[in-house]
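The following exercises are to be worked with the sequence and the three-dimensional structure at hand. Each task is followed by a stepwise solution.

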Number of protein chains: 2
Amino acid sequence: MSTFIDKLSHIAKKNNSLVCIGLDPDPERFPEGIKGTEHDIITFNRAIIEQTSDLTCAYKLNMAFYEVQGPRGLEALEATMHAIPDDIVVIGDAKRGDIDNTARMYAKSLFEYYRFDAVTVNPYQGTDAVQPFVDYEDKGVFVLCLTSNPSAHEFQHLKNEGEPLFLRVAQTANRWNSGGNVGLVVGATNGSALGDVRSAVGDMPLLIPGIGAQGGDLNMVVKHGLNSNGGGILVNSSRSILYASSGPDYAEAARQAAEELRNQINALR
Amino acid sequence: MSTFIDKLSHIAKKNNSLVCIGLDPDPERFPEGIKGTEHDIITFNRAIIEQTSDLTCAYKLNMAFYEVQGPRGLEALEATMHAIPDDIVVIGDAKRGDIDNTARMYAKSLFEYYRFDAVTVNPYQGTDAVQPFVDYEDKGVFVLCLTSNPSAHEFQHLKNEGEPLFLRVAQTANRWNSGGNVGLVVGATNGSALGDVRSAVGDMPLLIPGIGAQGGDLNMVVKHGLNSNGGGILVNSSRSILYASSGPDYAEAARQAAEELRNQINALR
(Lines give C-alpha, C1' and ligand atoms only; values in the text may rest on other atoms or scores of the structure.)
Protein backbone atom coordinates (compact mmCIF):
# COMPACT_ATOMS: atom_id res chain seq x y z
CA MET A 1 0.00 0.00 0.00
CA SER A 2 1.16 3.47 -0.76
CA THR A 3 2.02 6.01 1.92
CA PHE A 4 -0.86 8.07 0.61
CA ILE A 5 -3.44 5.33 1.18
CA ASP A 6 -1.97 4.58 4.62
CA LYS A 7 -2.18 8.23 5.58
CA LEU A 8 -5.75 8.54 4.32
CA SER A 9 -6.90 5.40 6.13
CA HIS A 10 -5.25 6.48 9.35
CA ILE A 11 -6.75 9.97 9.48
CA ALA A 12 -10.20 8.83 8.31
CA LYS A 13 -10.24 6.43 11.26
CA LYS A 14 -8.71 8.83 13.77
CA ASN A 15 -11.15 11.65 13.00
CA ASN A 16 -13.99 9.23 12.15
CA SER A 17 -14.52 11.34 9.05
CA LEU A 18 -14.93 11.02 5.29
CA VAL A 19 -15.15 14.80 4.91
CA CYS A 20 -12.71 16.72 2.72
CA ILE A 21 -12.78 20.48 3.17
CA GLY A 22 -12.04 22.55 0.10
CA LEU A 23 -9.89 25.53 1.06
CA ASP A 24 -10.91 27.78 -1.85
CA PRO A 25 -10.40 31.25 -0.43
CA ASP A 26 -12.40 34.02 -2.08
CA PRO A 27 -11.31 37.33 -0.47
CA GLU A 28 -14.51 39.02 -1.62
CA ARG A 29 -16.47 36.68 0.63
CA PHE A 30 -14.26 37.12 3.67
CA PRO A 31 -15.87 38.59 6.81
CA GLU A 32 -15.29 42.18 7.85
CA GLY A 33 -12.10 42.48 9.85
CA ILE A 34 -10.29 40.10 7.49
CA LYS A 35 -11.46 41.42 4.12
CA GLY A 36 -8.85 43.73 2.61
CA THR A 37 -6.11 43.02 5.14
CA GLU A 38 -2.59 42.17 3.95
CA HIS A 39 -2.62 38.56 5.13
CA ASP A 40 -6.32 37.90 4.59
CA ILE A 41 -6.05 34.47 2.98
CA ILE A 42 -3.77 32.88 5.52
CA THR A 43 -5.65 34.48 8.43
CA PHE A 44 -8.90 33.06 7.08
CA ASN A 45 -7.46 29.62 6.26
CA ARG A 46 -5.71 29.28 9.63
CA ALA A 47 -8.96 30.01 11.47
CA ILE A 48 -10.84 27.43 9.38
CA ILE A 49 -8.11 24.82 9.88
CA GLU A 50 -7.94 25.39 13.65
CA GLN A 51 -11.69 24.88 13.93
CA THR A 52 -12.01 21.86 11.63
CA SER A 53 -8.83 19.76 11.73
CA ASP A 54 -10.35 17.18 14.07
CA LEU A 55 -13.36 16.77 11.78
CA THR A 56 -11.83 16.13 8.38
CA CYS A 57 -9.70 13.50 6.67
CA ALA A 58 -8.36 15.89 4.03
CA TYR A 59 -8.08 19.48 2.92
CA LYS A 60 -8.25 20.20 -0.80
CA LEU A 61 -6.58 23.37 -2.03
CA ASN A 62 -7.86 24.54 -5.38
CA MET A 63 -4.84 26.06 -7.13
CA ALA A 64 -6.93 28.59 -9.11
CA PHE A 65 -7.94 30.47 -5.97
CA TYR A 66 -4.29 30.97 -5.01
CA GLU A 67 -2.86 31.55 -8.51
CA VAL A 68 -5.35 34.33 -9.18
CA GLN A 69 -3.75 36.38 -6.38
CA GLY A 70 -0.31 36.24 -7.99
CA PRO A 71 2.82 35.66 -5.86
CA ARG A 72 1.03 36.64 -2.64
CA GLY A 73 -1.51 33.89 -3.31
CA LEU A 74 1.20 31.29 -3.67
CA GLU A 75 2.84 32.50 -0.46
CA ALA A 76 -0.55 32.09 1.22
CA LEU A 77 -0.76 28.58 -0.24
CA GLU A 78 2.61 27.67 1.26
CA ALA A 79 1.66 29.17 4.63
CA THR A 80 -1.61 27.22 4.52
CA MET A 81 0.30 23.96 3.91
CA HIS A 82 2.35 24.70 7.03
CA ALA A 83 -0.79 25.36 9.07
CA ILE A 84 -2.32 21.95 8.33
CA PRO A 85 -1.50 19.22 10.87
CA ASP A 86 0.93 16.63 9.49
CA ASP A 87 -1.42 13.67 9.74
CA ILE A 88 -4.14 15.16 7.51
CA VAL A 89 -4.10 14.47 3.77
CA VAL A 90 -3.60 17.59 1.64
CA ILE A 91 -4.80 17.47 -1.96
CA GLY A 92 -3.58 19.91 -4.61
CA ASP A 93 -6.63 20.38 -6.82
CA ALA A 94 -4.75 21.37 -9.96
CA LYS A 95 -6.39 19.24 -12.69
CA ARG A 96 -3.16 19.36 -14.68
CA GLY A 97 -2.63 17.31 -17.83
CA ASP A 98 0.04 17.63 -20.49
CA ILE A 99 2.57 15.60 -22.50
CA ASP A 100 5.16 13.66 -20.57
CA ASN A 101 8.03 16.14 -20.25
CA THR A 102 5.58 18.85 -19.16
CA ALA A 103 3.65 16.53 -16.86
CA ARG A 104 6.93 15.74 -15.10
CA MET A 105 7.35 19.46 -14.40
CA TYR A 106 3.84 19.79 -13.02
CA ALA A 107 4.30 16.67 -10.87
CA LYS A 108 7.61 17.98 -9.55
CA SER A 109 6.04 21.35 -8.78
CA LEU A 110 3.05 19.92 -6.92
CA PHE A 111 4.72 17.00 -5.14
CA GLU A 112 8.23 18.30 -4.48
CA TYR A 113 7.86 22.06 -4.24
CA TYR A 114 4.44 22.34 -2.60
CA ARG A 115 4.59 18.84 -1.01
CA PHE A 116 0.96 17.88 -1.58
CA ASP A 117 0.04 14.33 -0.55
CA ALA A 118 -2.17 13.97 -3.63
CA VAL A 119 -3.23 15.91 -6.71
CA THR A 120 -6.02 15.93 -9.27
CA VAL A 121 -5.14 15.33 -12.94
CA ASN A 122 -7.01 15.46 -16.24
CA PRO A 123 -7.11 12.24 -18.32
CA TYR A 124 -7.79 13.74 -21.78
CA GLN A 125 -4.25 13.16 -23.08
CA GLY A 126 -4.05 9.54 -21.89
CA THR A 127 -1.45 7.42 -20.11
CA ASP A 128 1.74 9.33 -20.78
CA ALA A 129 0.20 12.51 -19.35
CA VAL A 130 -0.81 10.74 -16.12
CA GLN A 131 2.15 8.40 -15.59
CA PRO A 132 4.64 11.06 -14.39
CA PHE A 133 2.29 11.75 -11.46
CA VAL A 134 1.63 8.08 -10.71
CA ASP A 135 5.38 7.44 -10.70
CA TYR A 136 5.49 9.20 -7.33
CA GLU A 137 4.51 5.98 -5.57
CA ASP A 138 4.09 7.55 -2.13
CA LYS A 139 1.69 10.18 -3.47
CA GLY A 140 -1.96 9.96 -4.53
CA VAL A 141 -3.33 10.82 -7.97
CA PHE A 142 -7.04 11.54 -8.41
CA VAL A 143 -7.98 11.33 -12.09
CA LEU A 144 -10.99 13.34 -13.31
CA CYS A 145 -13.61 10.79 -14.27
CA LEU A 146 -17.16 12.16 -14.01
CA THR A 147 -17.32 15.77 -12.89
CA SER A 148 -20.02 17.60 -10.99
CA ASN A 149 -20.66 20.52 -13.37
CA PRO A 150 -23.78 20.85 -15.58
CA SER A 151 -21.80 20.37 -18.84
CA ALA A 152 -20.02 17.23 -17.66
CA HIS A 153 -22.22 15.03 -19.85
CA GLU A 154 -21.18 16.68 -23.13
CA PHE A 155 -18.07 14.54 -23.54
CA GLN A 156 -17.90 12.33 -20.45
CA HIS A 157 -21.15 10.51 -21.31
CA LEU A 158 -20.35 9.92 -24.99
CA LYS A 159 -20.63 6.19 -25.61
CA ASN A 160 -18.10 4.05 -27.42
CA GLU A 161 -19.39 0.54 -28.04
CA GLY A 162 -22.06 1.18 -25.43
CA GLU A 163 -19.62 2.35 -22.77
CA PRO A 164 -19.51 6.02 -21.71
CA LEU A 165 -16.18 7.82 -21.72
CA PHE A 166 -16.14 8.25 -17.93
CA LEU A 167 -16.30 4.48 -17.47
CA ARG A 168 -13.49 4.00 -19.96
CA VAL A 169 -11.47 6.45 -17.90
CA ALA A 170 -12.33 4.50 -14.73
CA GLN A 171 -11.21 1.22 -16.30
CA THR A 172 -8.02 2.80 -17.58
CA ALA A 173 -7.39 4.14 -14.08
CA ASN A 174 -7.41 0.53 -12.85
CA ARG A 175 -4.46 -0.08 -15.16
CA TRP A 176 -2.68 3.03 -13.86
CA ASN A 177 -3.26 1.81 -10.30
CA SER A 178 -0.66 -0.97 -10.19
CA GLY A 179 1.06 0.88 -7.33
CA GLY A 180 -2.18 1.39 -5.41
CA ASN A 181 -1.97 5.19 -5.44
CA VAL A 182 -4.66 6.16 -7.96
CA GLY A 183 -8.14 7.48 -7.20
CA LEU A 184 -10.89 9.15 -9.20
CA VAL A 185 -12.84 12.39 -9.07
CA VAL A 186 -16.55 11.57 -9.37
CA GLY A 187 -19.17 14.24 -8.87
CA ALA A 188 -21.95 13.89 -6.34
CA THR A 189 -24.50 15.10 -8.85
CA ASN A 190 -25.12 11.71 -10.51
CA GLY A 191 -25.64 8.97 -7.94
CA SER A 192 -26.26 5.98 -10.19
CA ALA A 193 -23.25 6.79 -12.38
CA LEU A 194 -21.21 6.96 -9.18
CA GLY A 195 -22.33 3.40 -8.49
CA ASP A 196 -21.20 2.33 -11.96
CA VAL A 197 -17.77 3.82 -11.27
CA ARG A 198 -17.53 2.12 -7.89
CA SER A 199 -18.36 -1.23 -9.51
CA ALA A 200 -15.63 -0.68 -12.09
CA VAL A 201 -12.78 0.20 -9.73
CA GLY A 202 -13.09 -1.95 -6.61
CA ASP A 203 -11.95 -0.17 -3.45
CA MET A 204 -10.17 2.76 -5.11
CA PRO A 205 -10.62 6.08 -3.27
CA LEU A 206 -13.14 8.46 -4.84
CA LEU A 207 -12.90 12.20 -4.33
CA ILE A 208 -16.47 13.45 -4.54
CA PRO A 209 -17.21 17.15 -5.08
CA GLY A 210 -20.65 18.54 -5.74
CA ILE A 211 -22.29 18.34 -2.30
CA GLY A 212 -23.71 21.62 -0.99
CA ALA A 213 -23.51 24.61 -3.33
CA GLN A 214 -23.66 22.31 -6.38
CA GLY A 215 -26.69 20.37 -5.15
CA GLY A 216 -25.46 16.78 -4.93
CA ASP A 217 -27.49 14.25 -2.92
CA LEU A 218 -25.58 12.94 0.10
CA ASN A 219 -27.77 9.83 0.46
CA MET A 220 -26.95 8.76 -3.09
CA VAL A 221 -23.26 9.52 -2.60
CA VAL A 222 -22.94 7.30 0.45
CA LYS A 223 -25.20 4.58 -0.92
CA HIS A 224 -23.34 4.29 -4.23
CA GLY A 225 -19.87 5.49 -3.27
CA LEU A 226 -18.70 3.47 -0.26
CA ASN A 227 -16.22 0.71 -0.94
CA SER A 228 -16.18 -2.80 0.55
CA ASN A 229 -14.55 -1.44 3.71
CA GLY A 230 -17.33 1.09 4.29
CA GLY A 231 -14.99 3.93 3.33
CA GLY A 232 -13.06 4.92 0.23
CA ILE A 233 -14.86 8.22 -0.34
CA LEU A 234 -13.73 11.77 0.34
CA VAL A 235 -16.83 13.95 0.30
CA ASN A 236 -15.65 17.44 -0.52
CA SER A 237 -17.39 20.59 0.60
CA SER A 238 -15.94 24.04 0.05
CA ARG A 239 -18.29 27.01 -0.01
CA SER A 240 -20.94 25.50 2.31
CA ILE A 241 -18.33 25.21 5.05
CA LEU A 242 -16.05 28.22 4.42
CA TYR A 243 -18.88 30.70 4.07
CA ALA A 244 -21.42 29.13 6.45
CA SER A 245 -21.44 32.53 8.15
CA SER A 246 -20.28 35.87 6.81
CA GLY A 247 -19.97 37.34 10.30
CA PRO A 248 -17.22 37.24 12.93
CA ASP A 249 -18.36 33.72 13.90
CA TYR A 250 -17.35 32.36 10.47
CA ALA A 251 -14.83 29.87 11.87
CA GLU A 252 -17.22 28.47 14.46
CA ALA A 253 -19.94 28.29 11.80
CA ALA A 254 -17.50 26.41 9.55
CA ARG A 255 -16.86 23.96 12.37
CA GLN A 256 -20.57 23.43 12.83
CA ALA A 257 -21.13 22.87 9.10
CA ALA A 258 -18.20 20.44 8.90
CA GLU A 259 -19.38 18.54 11.96
CA GLU A 260 -22.91 18.27 10.56
CA LEU A 261 -21.60 16.95 7.26
CA ARG A 262 -19.37 14.43 9.01
CA ASN A 263 -22.25 13.22 11.17
CA GLN A 264 -24.68 13.05 8.26
CA ILE A 265 -22.25 10.89 6.29
CA ASN A 266 -21.52 8.66 9.27
CA ALA A 267 -25.24 8.19 9.96
CA LEU A 268 -25.64 6.92 6.40
CA ARG A 269 -22.66 4.50 6.44
CA MET B 1 -13.19 39.94 -35.28
CA SER B 2 -11.56 39.70 -31.92
CA THR B 3 -8.52 41.70 -30.95
CA PHE B 4 -6.69 38.40 -30.63
CA ILE B 5 -7.35 37.40 -34.25
CA ASP B 6 -6.45 40.91 -35.46
CA LYS B 7 -3.19 40.81 -33.56
CA LEU B 8 -2.35 37.33 -34.85
CA SER B 9 -3.12 38.26 -38.46
CA HIS B 10 -1.08 41.45 -38.22
CA ILE B 11 2.06 39.86 -36.82
CA ALA B 12 1.88 36.78 -39.07
CA LYS B 13 1.87 39.14 -42.04
CA LYS B 14 4.49 41.53 -40.67
CA ASN B 15 6.99 38.78 -39.85
CA ASN B 16 5.82 36.58 -42.72
CA SER B 17 5.73 33.74 -40.23
CA LEU B 18 3.47 30.96 -38.97
CA VAL B 19 6.07 29.92 -36.40
CA CYS B 20 5.25 29.86 -32.68
CA ILE B 21 8.25 29.49 -30.39
CA GLY B 22 7.68 27.59 -27.17
CA LEU B 23 9.56 29.29 -24.34
CA ASP B 24 9.85 26.23 -22.10
CA PRO B 25 12.99 26.98 -20.10
CA ASP B 26 14.78 23.96 -18.65
CA PRO B 27 17.69 25.28 -16.53
CA GLU B 28 19.47 21.92 -16.73
CA ARG B 29 19.83 22.42 -20.48
CA PHE B 30 21.08 26.00 -20.28
CA PRO B 31 24.54 26.71 -21.65
CA GLU B 32 27.54 27.22 -19.36
CA GLY B 33 27.68 30.82 -18.21
CA ILE B 34 23.92 30.92 -17.67
CA LYS B 35 23.37 27.59 -15.95
CA GLY B 36 23.18 28.04 -12.19
CA THR B 37 23.08 31.85 -12.20
CA GLU B 38 20.46 33.72 -10.19
CA HIS B 39 18.54 35.10 -13.16
CA ASP B 40 19.17 32.19 -15.52
CA ILE B 41 15.64 31.86 -16.94
CA ILE B 42 15.13 35.50 -17.83
CA THR B 43 18.68 35.84 -19.17
CA PHE B 44 18.11 32.84 -21.42
CA ASN B 45 14.61 33.89 -22.52
CA ARG B 46 15.67 37.47 -23.26
CA ALA B 47 18.47 36.27 -25.50
CA ILE B 48 16.12 33.93 -27.37
CA ILE B 49 13.49 36.67 -27.78
CA GLU B 50 16.03 39.23 -29.01
CA GLN B 51 17.25 36.82 -31.66
CA THR B 52 13.87 35.55 -32.85
CA SER B 53 11.21 38.25 -32.43
CA ASP B 54 11.28 39.17 -36.13
CA LEU B 55 10.79 35.52 -37.15
CA THR B 56 7.78 34.41 -35.13
CA CYS B 57 4.09 35.24 -34.87
CA ALA B 58 3.78 34.01 -31.30
CA TYR B 59 5.58 32.87 -28.20
CA LYS B 60 4.01 30.12 -26.15
CA LEU B 61 4.95 29.96 -22.47
CA ASN B 62 4.34 26.58 -20.91
CA MET B 63 3.28 27.32 -17.32
CA ALA B 64 4.72 24.06 -15.94
CA PHE B 65 8.29 25.12 -16.69
CA TYR B 66 7.82 28.29 -14.65
CA GLU B 67 5.68 26.89 -11.83
CA VAL B 68 8.23 24.17 -11.10
CA GLN B 69 10.72 26.86 -10.06
CA GLY B 70 8.37 28.27 -7.40
CA PRO B 71 8.02 32.06 -6.94
CA ARG B 72 11.28 32.78 -8.79
CA GLY B 73 9.86 30.97 -11.82
CA LEU B 74 6.74 33.11 -11.85
CA GLU B 75 8.87 36.25 -11.51
CA ALA B 76 10.83 35.04 -14.53
CA LEU B 77 7.54 34.48 -16.37
CA GLU B 78 6.48 38.07 -15.69
CA ALA B 79 9.86 39.41 -16.76
CA THR B 80 9.64 37.31 -19.93
CA MET B 81 6.23 38.80 -20.74
CA HIS B 82 7.78 42.29 -20.47
CA ALA B 83 10.64 41.29 -22.78
CA ILE B 84 8.32 40.26 -25.64
CA PRO B 85 7.53 43.04 -28.16
CA ASP B 86 3.95 44.26 -27.85
CA ASP B 87 2.85 43.22 -31.31
CA ILE B 88 3.67 39.52 -30.90
CA VAL B 89 0.98 37.15 -29.64
CA VAL B 90 1.80 35.53 -26.30
CA ILE B 91 0.08 32.27 -25.44
CA GLY B 92 -0.18 30.95 -21.89
CA ASP B 93 0.03 27.17 -22.34
CA ALA B 94 -1.79 26.25 -19.14
CA LYS B 95 -4.27 23.59 -20.30
CA ARG B 96 -6.58 24.53 -17.43
CA GLY B 97 -10.06 23.13 -17.07
CA ASP B 98 -12.41 23.22 -14.09
CA ILE B 99 -15.98 24.02 -13.08
CA ASP B 100 -17.24 27.51 -13.74
CA ASN B 101 -16.38 29.37 -10.55
CA THR B 102 -12.88 27.91 -10.65
CA ALA B 103 -12.46 28.45 -14.38
CA ARG B 104 -13.25 32.12 -13.80
CA MET B 105 -10.34 32.28 -11.36
CA TYR B 106 -7.95 30.63 -13.83
CA ALA B 107 -9.12 32.93 -16.62
CA LYS B 108 -8.67 35.97 -14.41
CA SER B 109 -5.19 34.83 -13.40
CA LEU B 110 -4.01 34.15 -16.97
CA PHE B 111 -5.71 37.04 -18.77
CA GLU B 112 -5.73 39.79 -16.15
CA TYR B 113 -2.75 39.06 -13.92
CA TYR B 114 -0.28 37.66 -16.49
CA ARG B 115 -1.92 39.41 -19.47
CA PHE B 116 -1.60 36.58 -21.97
CA ASP B 117 -3.21 37.20 -25.37
CA ALA B 118 -4.42 33.61 -25.52
CA VAL B 119 -4.40 30.45 -23.42
CA THR B 120 -4.82 26.71 -23.87
CA VAL B 121 -7.71 24.97 -22.09
CA ASN B 122 -8.84 21.38 -21.60
CA PRO B 123 -12.33 20.43 -22.87
CA TYR B 124 -12.99 17.35 -20.70
CA GLN B 125 -15.51 19.12 -18.45
CA GLY B 126 -17.49 20.68 -21.29
CA THR B 127 -18.96 24.08 -22.03
CA ASP B 128 -19.18 25.61 -18.58
CA ALA B 129 -15.47 24.95 -17.97
CA VAL B 130 -14.50 26.70 -21.22
CA GLN B 131 -17.00 29.57 -21.32
CA PRO B 132 -15.32 31.74 -18.61
CA PHE B 133 -12.24 31.90 -20.86
CA VAL B 134 -14.20 32.55 -24.06
CA ASP B 135 -16.07 35.35 -22.29
CA TYR B 136 -12.89 37.43 -22.57
CA GLU B 137 -13.82 38.45 -26.11
CA ASP B 138 -10.52 40.19 -26.86
CA LYS B 139 -8.52 37.13 -25.89
CA GLY B 140 -7.89 33.83 -27.68
CA VAL B 141 -8.76 30.36 -26.34
CA PHE B 142 -7.09 27.29 -27.81
CA VAL B 143 -9.01 24.16 -26.83
CA LEU B 144 -7.15 20.84 -26.67
CA CYS B 145 -8.53 18.73 -29.49
CA LEU B 146 -6.05 16.13 -30.75
CA THR B 147 -2.76 16.16 -28.90
CA SER B 148 0.71 15.20 -30.11
CA ASN B 149 1.67 12.65 -27.46
CA PRO B 150 1.79 8.86 -28.04
CA SER B 151 -1.18 8.16 -25.73
CA ALA B 152 -3.44 10.76 -27.34
CA HIS B 153 -5.46 8.06 -29.13
CA GLU B 154 -6.58 6.32 -25.91
CA PHE B 155 -9.54 8.63 -25.35
CA GLN B 156 -9.40 11.22 -28.15
CA HIS B 157 -9.98 8.60 -30.88
CA LEU B 158 -12.84 6.79 -29.15
CA LYS B 159 -15.78 6.80 -31.54
CA ASN B 160 -19.32 7.75 -30.69
CA GLU B 161 -21.74 6.98 -33.53
CA GLY B 162 -18.73 6.74 -35.83
CA GLU B 163 -17.28 10.09 -34.82
CA PRO B 164 -14.06 10.26 -32.77
CA LEU B 165 -14.04 12.35 -29.61
CA PHE B 166 -11.54 14.85 -31.00
CA LEU B 167 -13.92 15.70 -33.85
CA ARG B 168 -16.79 16.11 -31.41
CA VAL B 169 -14.58 18.55 -29.51
CA ALA B 170 -13.82 20.39 -32.76
CA GLN B 171 -17.51 20.68 -33.60
CA THR B 172 -18.33 21.85 -30.12
CA ALA B 173 -15.58 24.45 -30.43
CA ASN B 174 -17.45 25.87 -33.43
CA ARG B 175 -20.34 26.52 -31.08
CA TRP B 176 -18.03 28.16 -28.54
CA ASN B 177 -16.62 30.36 -31.32
CA SER B 178 -19.56 32.75 -31.72
CA GLY B 179 -17.22 35.62 -30.76
CA GLY B 180 -14.50 34.51 -33.19
CA ASN B 181 -11.88 34.00 -30.49
CA VAL B 182 -11.60 30.21 -30.26
CA GLY B 183 -8.89 28.00 -31.73
CA LEU B 184 -7.81 24.39 -31.31
CA VAL B 185 -4.66 22.54 -30.33
CA VAL B 186 -4.04 19.81 -32.90
CA GLY B 187 -0.82 17.81 -32.84
CA ALA B 188 1.47 17.58 -35.86
CA THR B 189 1.84 13.85 -35.38
CA ASN B 190 -1.32 12.88 -37.27
CA GLY B 191 -1.62 14.68 -40.60
CA SER B 192 -4.84 13.22 -41.95
CA ALA B 193 -6.66 13.78 -38.65
CA LEU B 194 -5.46 17.37 -38.80
CA GLY B 195 -7.20 17.61 -42.18
CA ASP B 196 -10.42 16.26 -40.65
CA VAL B 197 -10.24 18.94 -37.97
CA ARG B 198 -9.59 21.68 -40.53
CA SER B 199 -12.62 20.54 -42.53
CA ALA B 200 -14.76 20.67 -39.38
CA VAL B 201 -13.84 24.16 -38.19
CA GLY B 202 -13.46 26.41 -41.21
CA ASP B 203 -10.78 29.06 -40.81
CA MET B 204 -10.31 28.73 -37.04
CA PRO B 205 -6.67 29.10 -35.91
CA LEU B 206 -4.92 25.84 -35.07
CA LEU B 207 -2.03 25.73 -32.63
CA ILE B 208 0.10 22.81 -33.77
CA PRO B 209 2.73 21.29 -31.47
CA GLY B 210 4.67 18.14 -32.24
CA ILE B 211 7.13 19.32 -34.88
CA GLY B 212 10.79 18.66 -34.09
CA ALA B 213 11.52 16.72 -30.89
CA GLN B 214 8.16 14.95 -31.14
CA GLY B 215 8.61 13.91 -34.76
CA GLY B 216 5.69 15.55 -36.58
CA ASP B 217 5.79 15.86 -40.39
CA LEU B 218 5.89 19.48 -41.53
CA ASN B 219 4.69 18.68 -45.05
CA MET B 220 1.56 17.06 -43.70
CA VAL B 221 0.99 19.91 -41.26
CA VAL B 222 1.04 22.58 -43.95
CA LYS B 223 -0.86 20.48 -46.47
CA HIS B 224 -3.70 19.64 -44.09
CA GLY B 225 -3.57 22.56 -41.68
CA LEU B 226 -3.75 25.77 -43.73
CA ASN B 227 -7.07 27.55 -43.85
CA SER B 228 -8.73 29.18 -46.86
CA ASN B 229 -6.54 32.27 -46.42
CA GLY B 230 -3.34 30.25 -46.60
CA GLY B 231 -2.74 30.78 -42.89
CA GLY B 232 -4.54 29.91 -39.68
CA ILE B 233 -1.83 27.67 -38.26
CA LEU B 234 0.69 28.36 -35.52
CA VAL B 235 3.42 25.75 -35.86
CA ASN B 236 5.00 25.44 -32.44
CA SER B 237 8.58 24.42 -31.85
CA SER B 238 10.19 24.52 -28.42
CA ARG B 239 13.19 22.29 -27.76
CA SER B 240 14.45 22.21 -31.37
CA ILE B 241 14.84 25.98 -31.29
CA LEU B 242 15.77 26.69 -27.65
CA TYR B 243 18.43 24.01 -27.48
CA ALA B 244 19.65 24.06 -31.08
CA SER B 245 23.10 24.63 -29.58
CA SER B 246 24.27 24.00 -26.03
CA GLY B 247 27.22 26.34 -26.47
CA PRO B 248 27.67 30.10 -26.11
CA ASP B 249 26.12 30.53 -29.59
CA TYR B 250 22.75 29.17 -28.36
CA ALA B 251 20.81 32.34 -29.17
CA GLU B 252 22.22 32.60 -32.71
CA ALA B 253 21.58 28.88 -33.20
CA ALA B 254 18.00 29.42 -32.03
CA ARG B 255 17.65 32.20 -34.58
CA GLN B 256 18.93 29.93 -37.32
CA ALA B 257 16.57 27.10 -36.32
CA ALA B 258 13.59 29.48 -36.17
CA GLU B 259 14.46 31.00 -39.52
CA GLU B 260 14.79 27.58 -41.14
CA LEU B 261 11.42 26.51 -39.77
CA ARG B 262 9.77 29.72 -40.96
CA ASN B 263 11.25 29.32 -44.42
CA GLN B 264 10.36 25.63 -44.64
CA ILE B 265 6.75 26.41 -43.77
CA ASN B 266 6.59 29.33 -46.21
CA ALA B 267 8.06 27.22 -49.01
CA LEU B 268 5.23 24.72 -48.48
CA ARG B 269 2.41 27.29 -48.36
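The exercises below concern a predicted model and treat a strand, an interface and a single residue in turn.

**Exercise 1. The surroundings of strand β4 of chain A**

Task: Determine which way the residues of strand β4 (residues 118-121) of chain A point, and whether they are buried or exposed. Then establish how β4(A) pairs with β3(A) and with β5(A).

Solution:
- Step 1. The side chains of a regular strand alternate between the two faces of the sheet.
- Step 2. In β4(A), A:Ala118 and A:Thr120 point one way, whereas A:Val119 and A:Val121 point the other way. All of these residues are buried.
- Step 3. On pairing, strand β3 (residues 89-96) of chain A joins β4(A) in the parallel sense over three bridges. Here A:Ile91 stands opposite A:Ala118. The connection from β3(A) to β4(A) runs through helix α5 (residues 100-113) of chain A, and this β-α-β crossover is right-handed.
- Step 4. Strand β5 (residues 140-146) of chain A also pairs with β4(A) in the parallel sense, over four bridges. A:Val119 stands opposite A:Val141 of β5(A). Together with helix α6 (residues 127-134) of chain A, β4(A) and β5(A) make a right-handed β-α-β unit.

**Exercise 2. The relation and contact of the two chains**

Task: Identify the rotation that superposes chain A on chain B, and describe the side of chain A that touches chain B.

Solution:
- Step 1. Chain A is superposed on chain B by a rotation of 180 degrees with 0.0 Å of shift along the axis, at an RMSD of 0.0 Å. This is the relation of a two-fold axis.
- Step 2. The residue of chain A that comes closest to the rotation axis is A:Asn160, at 2.5 Å (C-alpha).
- Step 3. The contact takes 43 residues from chain A and 42 residues from chain B. Helix α5(A) gives the largest share of the chain A side, seven residues. By class, that side has 19 nonpolar, 15 polar and nine charged residues.
- Step 4. Of the interface residues of chain A, 98% are also interface residues in chain B, so the copies meet through the same surface.

**Exercise 3. The position of B:Lys108**

Task: Classify the exposure of B:Lys108 and name its contacts beyond four places in sequence.

Solution:
- Step 1. B:Lys108 lies in helix α5 (residues 100-113) of chain B.
- Step 2. A residue is buried at 20 or more other C-beta atoms within 10 Å and exposed at 12 or fewer. B:Lys108 has 16, and is therefore partly exposed.
- Step 3. Beyond four places in sequence, B:Lys108 is in contact with A:Val68 and B:Tyr113.

Key. Residues numbered from 1 in each chain as written. Chains lettered and ligands numbered in written order. Predicted model: local features only at pLDDT ≥ 70, side-chain atom pairs only at ≥ 80, totals over all residues. Helix = DSSP H or I, 4+ residues; strand = E, 2+ residues; numbered from the N terminus. Pairing = 2+ DSSP bridges. Right-handed = clockwise from strand over helix to strand, strands pointing away. Least-squares fit on C-alpha atoms with pLDDT ≥ 70 in both. Contact = placed C-beta atoms within 7 Å. Nonpolar A, V, L, I, M, F, W, Y, C, P; charged D, E, K, R; others polar.
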